[in-house]
Each structure stands twice: as C-alpha cells, then as structure tokens.
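Welcome to a short tour of this structure. Please take a look at the sequence and the 3D view, and then read on with both at hand.

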Amino acid sequence: MDIPILDCSEFIGVSTKTSFEKSSFEKFVKHFGDGIRDVGILYLINHGLQGAPIENLFAKSRDFFELPKDIKAKYKKLDPINNYHGYTSEKDEKTGSSVRKFGEEDLAKLDFKEAFDFYGSDAYVESKYPVEILGLKSAVDNFRTPILELGKKVLRCLAIYLGLQDEDYFISLHQSIDDSTIQTTISVKTNYYFPLDSNFEVPNDDVILRLGEHHDIGTLTFLFQDGVSGLEYKASSGDWMPVKPIENAIIVNAGFMLEIWSGGRLNAVKHRVRLLNDTSRICRQSLVCFMTPDPCTVCKPILPKLSNWKPSYDYDENETFIHFLKRIVRKITY
C-alpha cells in the first residue's frame, strides 16, 4: 500500500481555538485516520510551512555539525535520562539493532549520525544554544511553533476520527504547548548523517543501518527530510518500504502514546534509516518535531483495547509519560 499524500490547504487560516465543523473536515479526518491506521505513516502537503523556516533550520543545523569536534563536544548531553537537551556525537546512541557486524565494528551498538535535541524548557532559553551559531534559537522557534499549531489541528481530527465526544481531548493532554508553566518534553531534533569514508562499501544485498529500527514513543512525529534517500518503514506485510523524499512534504507518524490511547487502533510504525551505497558519501539531514504529552499524562487506553493488539512497547497503565520516557532513554544512551 502506498503512503497516503494528504492536502492540508483547507487548514490554512483555521484556528485551533474554534470548534471544527465536522462536516467541513470529514474527508481529511477519514483519510488521515485511515492512513495512520492502515499504513502508519503519511505525507502532508500544502501545510503552509515550506520555505524560509525549513531552509533556515537546515542551514543553521549544518553549520553546527560542521564545527570542529572539540567545540561540538561542549554541548553534549550531561544527563540525558533527566534532560535530553543537547548534542549527540557520532556513536553515542544505539536507537535500535542492526543486522550484522561490518569489519571490526559491531553496528548494533552504533548510530551512524550526529544529532542535536532542543528539548524541554531548555529549548526556550537562548543561553542553552551554541553561541557559535547565531540565530539558531530563532530558527528552532520559527520551525517549532507552526508545527505544533498544525499538530493541534491533527489531534482534533484524530479525536473526531476515534469518535471521542470531546474533540479537544487530545489537545488537553498537551497543555504545555501553550502554557510555559507546565513542564514539557516536546523536542525539535536535527539529524546529521555525515558522509562516510570513500573506502566504506556496503556488500550487495546487505542491510546496514544509520539509525536502528524503532518506534517513536510520543504522540505524533513531524519530519522534514532533505532529498537524500534512506528512510524506511515496516509495512503490515512485514516488508521494509522506502519513504521517498517529496519536496516540501511533512512526514507524519503516530507515536506509542497515541497507540496506547487508541487501544491499538492507531499504532506506532516501526522505521529506520538504511545506509545506501549511492548516498553514503554525501550528507543527509532531517528535521523532526516530537509532539509529546504533558509529563503527568498516564499511559492508559481511553478506548477498549483491541483483542489482537500487540503493543509496540511494554507499558504500565499506572505509569506517567515522563517515567516511561526516562525508561526508554536509558536503553538508547550509553
């Protein structure tokens, strides 16, 4: 099944502070919900975010990643379990597992990339940003704000799709978007898949990953990728399928919290970034906004659990999201 492409032009200018007329968005609601349910991932076009905010953050991020290693090291995460804000250097994380060893290195212990997470309350503080990259905080702010506004509209659509009486129910679980007094775990992440050495060659028909197989753990993930291929998702058939770059499109997938709340109706899709020979020697970048619920939100279904649901992660219905988040972070950092 092809990844659905949804046109968001009807949302432009629509405020999240006024109730949607269900009939006006009925087609979009159905197509979005069906896409997440059946495929797990989709493209959004004509969303109003293309242009300067995206290009500027791509450029500012690349400027940071091209700094000398000793300068970047000043901004490494000091305590990622409790505060995920900061720089992740090459080979600092193991997001998932790879298929095999390559040469002398066990790729199951490596992510072949660098990243910077603008996480939580620190993401709103100028002094928490690299001083070497002027305008980086503004670039992050100008990217995050419209993404989260779009995200609230999508949350309303999903509430309608699932038949909830309160179409703002999911928005109410994300009050930190608009209330700075509430602790937030929302983050913007910039990924930099650096060019590999010219001697590096992937054997034919082999699978080596730059980012391991995993499910996202929040509510929704919004991602922009550049024109370099490599992102893949696991289809219901069990096959790994490419998520091809589409200019100015946002890639959206559900996270595990949405999977829990929906009782297994809207599942988090497994995805990865594969190392391809034809792109291994050029830089690949992506920009991500992880829309996560307020920390005290409980990991508990609001709809009856489907009998055939197999949760993407183990979870406890008495556990809060912040505790669940820390439990997962312990597994991917070292």
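Strand 9 (residues 220-225) and strand 14 (residues 284-291) run antiparallel to each other and are joined by 6 bridges. At one of these places L220 faces M291 of strand 14. Please keep in mind that this is a predicted model.

Strand 14 has a partner in strand 7 (residues 187-193) too, again antiparallel, here over 7 bridges. Within that pairing, V188 has C289 as its bridge partner, and T190 has L287. Strand 14 is also mostly covered, with 7 of its 8 residues buried.

Now step back to see where these strands belong. They are part of an open sheet of 8 strands with the order 1-2-12-9-14-7-6-3 and mixed pairing. Strand 1 (5-7) and strand 3 (86-88) stand at its edges; each has a single partner strand, so one side of each has no neighbour in the sheet. From one strand to the next, the twist averages 25°.

There is another open sheet to find, made of 4 strands in the order 8-13-10-11 with antiparallel pairing. Its edges are strand 8 (209-214) and strand 11 (240-242), each with a single partner strand, so one side of each is left free of a neighbour in the sheet. Here the twist averages 30° from one strand to the next. Strand 10 (residues 231-234) and strand 11 are joined by 3 bridges and run antiparallel, and K234 stands opposite W240 of strand 11.

The bridge partners named so far are gathered here.

| Residue | Opposite residue | Strand of the opposite residue |
|---|---|---|
| L220 | M291 | strand 14 |
| V188 | C289 | strand 14 |
| T190 | L287 | strand 14 |
| K234 | W240 | strand 11 |

The loops deserve a look as well. G218 sits in the loop between strand 8 and strand 9. Is G218 buried or exposed? Its relative accessibility is 8%, and under 20% counts as buried, so G218 is buried. G218 and T185 are 33 residues apart in sequence, while their C-alpha atoms lie 9.3 Å apart in space.

D111 is found in another loop, the one between strand 5 (105-106) and strand 6 (114-119). With a relative accessible area of 2%, D111 is buried. Between D111 and Y193 there is a separation of 82 residues in sequence and 9.2 Å in space, C-alpha to C-alpha.

Next comes helix 4 (residues 136-161). How far apart should its ends be? At 1.5 Å a residue, its 26 residues should span 38 Å, and the end C-alpha atoms are 37 Å apart, which agrees. Helix 4 is mostly covered, since 20 of its 26 residues are buried. Just after this helix, G163 takes a positive phi of about 80°.

Finally, let us turn from the chain to the space around it. The second largest pocket holds about 420 Å³ of space. It is lined by 21 residues, and those closest to its centre are R37, S236, G264, N267 and A268. Which element gives the most to this lining? Helix 1 (residues 26-38) does, with 3 residues. The lining of this pocket is made up of 7 nonpolar, 7 polar and 7 charged residues.

How values were computed: Residues are numbered from 1 along each chain as its sequence is written. This is a predicted model: local features need pLDDT of at least 70, side-chain atom pairs count only at pLDDT 80 or more; totals for chains, interfaces and linings use all residues. Side-chain values use heavy atoms; hydrogens and water are left out. On a 1 Å grid over the protein atoms alone, a cavity is a set of points where a 1.4 Å probe fits but cannot get out, and a pocket is an open set with protein on both sides within 12 Å along at least five of seven lines; lining residues have an atom within 4 Å of a point. Grid points are joined across faces, edges and corners, and a volume is the space filled by probe spheres set on the points. Helices (H or I, at least four residues) and strands (E, at least two) are DSSP runs, numbered from the N terminus. Ala, Val, Leu, Ile, Met, Phe, Trp, Tyr, Cys and Pro count as nonpolar, Asp, Glu, Lys and Arg as charged, and the others, Gly among them, as polar. The expected span of a helix is 1.5 Å times one less than its number of residues. Buried means under 20% relative accessible area, exposed over 50%, partly exposed in between (1.4 Å probe, protein chains only). Two strands pair if DSSP finds at least two bridges between them. Axes are lines fitted to C-alpha atoms, for helices over the stretch in contact, and angles run from 0 to 180 degrees between N-to-C directions.
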